[in-house]
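Trainee: I should like to understand how the terms used for a protein structure are justified. May we go through one example together?

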Amino acid sequence: MDKEALRGLPSVDELLRADELNTAVSASSSALVAECARAVLDEIRSAIIPGNRGGAAREEIIALTVEKLAFLLKPSVRKVINASGTILHTNIGRAVLADEAAEAVALAASGNINLEIDLATGERGERDSLVEGLIKRLTGAQAAVVVNNNAAAVLLALNTLSEGREVIISRGELIEIGGSFRLPEIIRKSGCILKEVGATNRTHPKDYESAINGDTAIILKAHTSNYRIVGFTAEVGLKELSSIGKRHGIPVVEDLGSGSLVDLSVYGLPKEPTVRESIEEGADLVTFSGDKLLGGPQAGIIAGKKELIDKIRKNHLKRALRADKLTLAGLEATLRLYLNPERLGQKLPALRYMARPVSEIEKTAVEARRVLGKALGPDYSITIEDGETQIGGGSLPGRLLPTKALAIVSGSKGAQEIFTALLSGEPPILGRINRDRVILDMRTVDSAQDLAFRMK
Ligand SMILES: *Cc1c(COP(=O)(O)O)cnc(C)c1O
């Protein structure tokens with residue numbers, strides 16, 4: 001052990017008198033700077049004791065302290081550039097809000113709003129009424145409630161209508177969605193008894209009919225969001241399920257997952273079932289997400305028959321699952337954009353990305369290749385190639401959109417290393433690895449300048 005080196009280390013008090021650390025104190029607090037200095041000194045001491053290093057200069061200790069403090073003060077929430085090849089990527093927060101929605105969120109965040117008060121009468125209001133009118137208009141439903149996400153929507157609908165009783169669902173629809181949404185578990189957690197019918201690939205009307213008994217409370221249909229069953233298959237359509245439900249007096253609930261509000265084929269995209277169609281085909285309740293194809297903030301919406309929605313509103317679980325004012329503000333502004341269908345495709349980022357022409361994506365790719373090439377330097381080689389974009393968020397499973405992507409390789413680094421370097425730089429860029437290269441999809445990159453990048 002180098003006793004000289006240990007003895008030579010400055011004290012925390014001494015360090016705090018240094019100019020650099022005085023500046024640091026004015027940006028945080030002396031307690032925080034002292035904590036960082038102490039931690040740096042501890043690290044150096046525990047390296048000196050086993051003989052792993054010699055003494056440390058005052059300048060080095062100060063620099064390490066400033067670095068530690070900067071790390072501590074840096075916000076955890078960072079803007080990430082989505083070049084992942086998935087438009088609605090759950091790990092980076094799914095739908096990007098429209099400007100109008102972001103402004104509404106800021107308004108609700110920076111002041112008080114009429115969340116639960118009727119401005120005309122001063123009487124106590126209902127927070128869902130901020131958006132219920134729009135949802136009714138856009139879906140044809142009689143009523144609607146909003147909760148934290150679609151998982152909560154399914155949980156709340158099932159718990160309200162079916163606690164302690166049976167929920168009938170086809171074996172082909174017992175879905176698991178990324179991020180631990182498993183329908184059989186949600187059914188159990190909502191206090192209901194799962195009654196699966198049919199086979200994985202084929203379920204017939206008689207399977208539902210013969211499962212119905214005095215304990216049946218719900219017939220549940222789930223949109224198989226992230227996979228498709230192909231080949232020798234049969235499923236019972238919503239229309240037929242609804243007539244079975246009606247005949248037996250049992251409500252039919254559909255978990256639509258993404259739940260588009262508009263016919264996407266208008267934008268040249270594959271057709272996805274809309275909420276309005278589900279309501280028209282006779283679903284008593286439909287649940288869907290706010291931040292998937294709808295393009296809004298994270299939320300879960302239950303729309304349908306007023307009598308059932310009224311019951312849901314009275315359930316105490318609703319209080320635990322309700323949406324907050326920021327969500328409701330962002331959701332309202334998003335839904336309002338749907339009142340102008342002509343401009344929706346430009347206003348709503350999710351739709352804009354989906355409908356973006358390949359020729360325009362290619363222009364971004366050409367410019368981005370130059371910008372990123374400059375940032376990364378000569379050790380990297382970047383080529384432009386054809387690629388495919390996934391919609392994501394469990395929407396349009398198996399449907400891919402043609403795109404242009406940057407493919408990156410390096411003389412000295414493997415694909416995994418490049419991937420991590422891009423993600424840990426400034427701004428973080430999320431790509432994906434394919435055949436030993438890092439692929440950056442340009443469809444969701446708004447401007448090539450977003451790739452003006454600094455390596456950490
Ligand atoms: C995405 C999805 C869910 C979960 O929705 P969240 O809003 O993520 O909670 C549930 N069911 C289906 C069919 C889905 O696609």
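**From value to term**

Mentor: Let us begin with S170, which counts as buried at 5% relative accessibility. Please keep in mind that this is a predicted model.

Trainee: Why is S170 called buried?

Mentor: A residue is called buried under 20% relative accessible area. S170 has 5% relative accessibility, and therefore counts as buried. This residue lies in strand β4, residues 166–170.

Trainee: What makes the pair S170 and T203 a polar contact?

Mentor: The contact joins the side chains of S170 and T203 at 2.7 Å. The cut-off for such a pair of N or O atoms is within 3.5 Å, and the value of 2.7 Å satisfies that distance condition.

Trainee: Why is strand β11 described as largely enclosed by the rest of the structure?

Mentor: Strand β11 covers residues 300–304, and 5 of the 5 residues are buried, so the strand is largely enclosed by the rest of the structure.

Trainee: How do you know that both faces of β11 are covered?

Mentor: On one side G300, I302 and G304 are buried, and on the other side I301 and A303 are buried.

Trainee: What makes β3 and β10 pairing partners of β11?

Mentor: Two strands pair if there are at least two bridges between them. Strand β3 (residues 143–147) pairs with β11 in the antiparallel sense over 5 bridges, and V147 has G300 as its bridge partner in β11. Strand β10 (residues 285–289) also pairs with β11 in the antiparallel sense over 5 bridges; there V286 stands opposite A303. Both pairings therefore meet the cut-off of at least two bridges.

Trainee: Which residues of helix α19 are buried, and why are they said to line one face of the helix?

Mentor: In α19, residues 415–424, the buried residues are A415, I418, F419, A421 and L422. Seen down the axis of α19, these buried residues fall within an arc of 165°, so they line one face of the helix.

Trainee: How do you know that D255, S289 and A151 have polar atoms close to the ligand?

Mentor: A polar side-chain atom of D255 lies 2.6 Å from a nitrogen atom of the ligand. For S289, a polar side-chain atom lies 2.7 Å from a ligand oxygen, while a polar backbone atom of A151 is 2.9 Å from an oxygen atom of the ligand. The protein buries 94% of the 380 Å² that the ligand exposes when taken alone.

Trainee: How many residues surround the ligand, and how do they divide?

Mentor: The ligand is surrounded by 13 residues, of which 4 are nonpolar, 6 polar and 3 charged.

Technical notes. Residues numbered from 1 in each chain as written. Predicted model: local features only at pLDDT ≥ 70, side-chain atom pairs only at ≥ 80, totals over all residues. Heavy atoms only, no water. Near = heavy atom within 4 Å. Polar contact = N/O pair within 3.5 Å; in protein donor to acceptor, adjacent residues only side chain to side chain. Areas by Shrake-Rupley, 256 points an atom, 1.4 Å probe, with all protein chains shown as cover. Nonpolar A, V, L, I, M, F, W, Y, C, P; charged D, E, K, R; others polar. Buried < 20%, exposed > 50% of the residue type's maximum accessible area, 1.4 Å probe, protein only. Helix = DSSP H or I, 4+ residues; strand = E, 2+ residues; numbered from the N terminus. Arc of directions from axis to C-beta.
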